[in-house]
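Biologist: Could you take one residue in this protein and look at it closely with me, then work outwards to the parts around it? I am still learning to read structures, so please go step by step.

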Amino acid sequence: MYIQKIGLITAMLAVLFLSACGSVREASSSKSQHGSHEAASSPASADEHSGHGGEMPKASTNLKASFTFGSVSLKAKETSELTIQITDDTGKPVSDFQVNHEKLLHLIIVNHSLSSFQHVHPAYQGDGKFTISTSFDGGGDYKLIADFIPSGGTSTTLSQWVKVSGKEAEHTVLQADAKLHQEVSGKAVELSLSSTKAKEEVTLSFTIRDAVTNKEITNLQPYLGAVGHVVILSADAEKYIHVHPLEEKATGPVAKFATSFPEAGIYKLWGQFQHNGEVFTVPFVVEVK
């Protein structure tokens, strides 16, 4: 009888032990699946786009853009007609787009050293086709970045490098500004960052004053429906962030933007504002650790 009781207790303990092991394995499996889900939800393209809160929404992966020019060869300081054709992965034109800050498509053009910057808006011709006359400051490699939202889709950026003949800008290593203070178009602009750490929420604060009187400018005008816009690129132009302001109806002297930097490195950013009917662009270079 005693031996039977011992056997029964041993069997019960074995069942409890095996049940506990099963629970541990199940929890471990659930954790692994969760990790895979997070990795799968990261942006699919090298270019990244940021909204008000610095989020990096996943780009539409089934869309393509072709960038073609009317000129046989691109030459510095010569105007050429650029056509951007947006299609799906079967080659069918994408015909419907969502208005994003007053435009259907924002086109960013930068050169290899990020010393040349254009933010323009091609005209929509229908059937997924946009056109614009453009020119390049000098020779060398330029990156074209099409930034748009297909109807029913998400913020998407598609890009391509093109070669322009002519004298190239000097190839220099991009370095962070010692002081985040610039004077542009009679404006003295100071930038402050709440953080310079990668993958952290950061607030970019631009304080804008008159460069002569140092008086705060409080009557900024809306630019593309907001107090301003900020475009950010990594030094190699592979990481792209387009940031909108926290308070779109602000009029100065401070304009704030929320974003985050995807990784450590050197970034160049361009803040764009409008005052007295003139749009001015102020560049800064920052280091993120």
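Modeller: Gladly! Let's begin with Thr 134, which is in contact with Phe 69, Glu 78, Thr 79, Ser 80, Leu 82, Ile 109 and Gln 118, once its neighbours within four places in sequence are left aside. Please keep in mind that this is a predicted model. Thr 134 belongs to strand β6. Its relative accessible area is 6%, and the cut-off for buried is under 20%, so Thr 134 counts as buried.

Two of the contacts of Thr 134 are worth following: Leu 82 and Ile 109. They turn up again in a core of 22 residues, which also includes Leu 107 and Phe 136. This core is separate from the largest nonpolar core, which we will reach later.

Now look at the strand itself. β6 covers residues 129-134 and runs antiparallel to β5, residues 123-126, with three bridges joining the two. You can find one of these pairs by eye: Ala 123 has Thr 131 in β6 as its bridge partner. β5 and β6 make a hairpin, and two residues lie between them. In that turn, Asp 127 has a positive phi of about 55°. Such a value deserves a second glance, because most residues other than glycine have a negative phi.

Two more residues share this feature. His 101, in the loop between β2 (80-88) and β3 (105-111), has a phi near 50°. With a relative accessibility of 14%, His 101 counts as buried. Leu 114 sits in the loop between β3 and β4 (117-120), and its phi is positive too, at about 65°. Leu 114 is buried as well, at a relative accessible area of 1%.

Leu 114 also leads us on to another loop. It is one of the contacts of Leu 174, along with Ser 113, Ala 235, Ile 266, Lys 268 and Val 285, not counting neighbours within four places in sequence. Leu 174 lies in the loop between β8 (156-164) and β9 (181-184). How far apart are the C-alpha atoms of Leu 174 and Ser 113? The separation is 7.3 Å, although the two residues are 61 positions apart along the chain. Contacts across long stretches of sequence are a theme here: among contacts with a separation of 6 or more in the protein, 62% are between residues 24 or more positions apart.

After that loop comes β9, part of an open antiparallel sheet of four strands in the order β9-β10-β11-β14. Because β9 and β14 (254-259) stand at the edges with a single partner strand each, one side of each has no neighbour in the sheet. Neighbouring strands here are turned by 20° against each other on average, ignoring direction. β9 pairs with β10 (residues 187-193) through four bridges, and Glu 183 has Ala 188 in β10 as its bridge partner.

This brings us to the largest nonpolar core, with 26 residues. Those with the most contacts inside it are Leu 204, Phe 206, Val 230, Ile 232, Phe 257, Leu 269 and Phe 273. β10, β11, β12, β13, β14, β15 and β16 each give two or more residues to this core, and β16 gives the most, five residues. Phe 206 is a good place to zoom in: beyond four places in sequence, it touches residues including Val 230, Phe 257, Leu 269 and Phe 273.

Pro 253 is another residue that Phe 206 touches. It is located in the loop between β13 and β14, and the peptide bond from Gly 252 to Pro 253 is cis, with omega near 0°. Most peptide bonds are trans.

Finally, step back to the whole protein. It has one helix and 16 strands, and 41% of its 289 residues count as buried. The accessible surface comes to about 15,200 Å², with 52% of it belonging to carbon and sulfur atoms. As for confidence, the mean pLDDT is 83, and 79% of the residues reach 70 or more. Residues 1-59 call for care, since pLDDT stays under 50 there.

Methods
Residues numbered from 1 in each chain as written. Predicted model: local features only at pLDDT ≥ 70, side-chain atom pairs only at ≥ 80, totals over all residues. Heavy atoms only, no water. Contact = heavy atoms within 4.5 Å. Pairing = 2+ DSSP bridges. Axes fitted to C-alpha atoms, helices over the stretch in contact; angles between N-to-C directions. pLDDT = per-residue confidence, 0-100. Core = buried A, V, L, I, M, F, W, Y, C linked by side-chain atoms within 4.5 Å. Buried < 20%, exposed > 50% of the residue type's maximum accessible area, 1.4 Å probe, protein only. Areas by Shrake-Rupley, 256 points an atom, 1.4 Å probe, with all protein chains shown as cover.
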